[in-house]
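Subject: Structure handover

Hi,

Here is the structure I promised to pass on. Could you open it next to this email and follow along?

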Amino acid sequence: MTQIGYADRIRMLEAPKGRVRCVLDTDTYNEIDDQFAVVQMLLSADRLDLQAIYAAPFHNARSENPGHGMELSYDEILLARARPIRSSAAGAAGYQGIQSLPGGGRE
């Protein structure tokens with residue numbers, strides 16, 4: 001195991017300089033806080049270089065299964081997008097065991 005020295009630890013805690021590249025993985029349809037996170041990231045272009053927003057799966061009383069929850073979140077992301085970003089994706093459909101997404105999938 002690699003040991004990190006004290007000076008390196010302190011340096012790693014410094015605030016980044018310039019814009020930070022990031023992605024957001026979110027279940028926007030599940031709870032309202034994720035919709036706020038999407039809008040906050042879109043409005044923070046001076047600090048954040050948002051590369052993509054990924055719809056995360058969830059399953060509760062509002063969805064039929066995790067894949068359906070992910071599709072609902074994807075639709076919510078499209079509603080919340082205030083301006084174009086590089087990409088948005090429906091997420092890991094294969095991981096959820098979904099053979100095909102409704103409507104033949106999305107990009």
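Below is what I found in it, from the overall layout down to single residues.

A word on the basics: this is a predicted model, with local features needing pLDDT of at least 70 and side-chain atom pairs counting only at pLDDT 80 or more, while totals for chains, interfaces and linings use all residues. Residues are numbered from 1 along each chain as its sequence is written, and side-chain values use heavy atoms, with hydrogens and water left out.

**Overall layout**

The chain has three helices and three strands, in the order α-β-α-β-α-β along the sequence. Helices and strands here are DSSP runs, numbered from the N terminus (H or I and at least four residues for a helix, E and at least two for a strand). Of the 107 residues in the chain, 34% are buried. Buried means under 20% relative accessible area, exposed means over 50%, and partly exposed is in between (1.4 Å probe, protein chains only). Looking at contacts (heavy atoms within 4.5 Å) between residues at least 6 apart in sequence, 62% join residues at least 24 apart.

**The paired strands**

Strand 1 and strand 2 run parallel and are joined by seven bridges; for strands to count as paired, DSSP has to find at least two bridges between them. Two of the bridge partners in strand 2 are worth clicking on: Asp49 for Arg21, and Tyr54 for Asp25. With helix 2, the two strands make a right-handed β-α-β unit. Right-handed means that, with the strands pointing away from the viewer, the path from the first strand over the helix to the second runs clockwise. Strand 2 is largely enclosed by the rest of the structure, because six of its eight residues are buried.

**The core**

Which residues form the largest nonpolar core? There are 12 of them: Cys22, Leu24, Val38, Met41, Leu42, Leu50, Ile53, Ala55, Met70, Tyr74, Ile77 and Ala80. A nonpolar core is a set of buried Ala, Val, Leu, Ile, Met, Phe, Trp, Tyr and Cys residues joined through side-chain atoms within 4.5 Å. Strand 1 (20-26), helix 2 (32-42), strand 2 (48-55) and helix 3 each give this core at least two residues, and helix 3 has the largest share, with four. As background, nonpolar side chains tend to be buried together in soluble globular proteins.

Leu24, in strand 1, is a good place to zoom in. Leu24 is buried at 13% relative accessible area. Beyond its neighbours within four places in sequence, Leu24 is in contact with Ala37, Val38, Met41, Leu50, Ala52, Ile53 and Tyr54. Leu24 and Ala55 are 31 residues apart along the chain, yet their C-alpha atoms are separated by 8.5 Å. With the same kind of neighbours left aside, Met41 is in contact with Cys22, Leu24, Leu48 and Leu50.

**Helix 3**

Helix 3 (residues 66-80) has 15 residues and spans 21 Å from first C-alpha to last, close to the expected 21 Å; that expectation is 1.5 Å times one less than the number of residues. Its buried residues include Gly67, Gly69, Glu71 and Glu76. At the start of the helix, a side-chain oxygen of Asn65 comes to within 3.0 Å of the backbone nitrogen of Gly67. Pro66, also in this helix, is partly exposed, with a relative accessible area of 30%.

**Two loop residues**

Is Ser44, in the loop between helix 2 and strand 2, buried or exposed? Ser44 counts as buried, at 2% relative accessibility, and its side chain reaches the backbone oxygen of Gln40 at 2.7 Å.

Asn30 sits in the loop between strand 1 and helix 2 and is buried, with a relative accessible area of 18%. A polar contact of 2.8 Å joins its side chain to that of Asp27. By polar contact I mean a pair of N or O atoms within 3.5 Å; within protein, one must be able to donate a hydrogen and the other to accept it, and residues adjacent in sequence count only if both atoms are side-chain atoms. Outside its neighbours within four places in sequence, Asn30 is in contact with Phe58, Asn60 and Arg62.

Cheers
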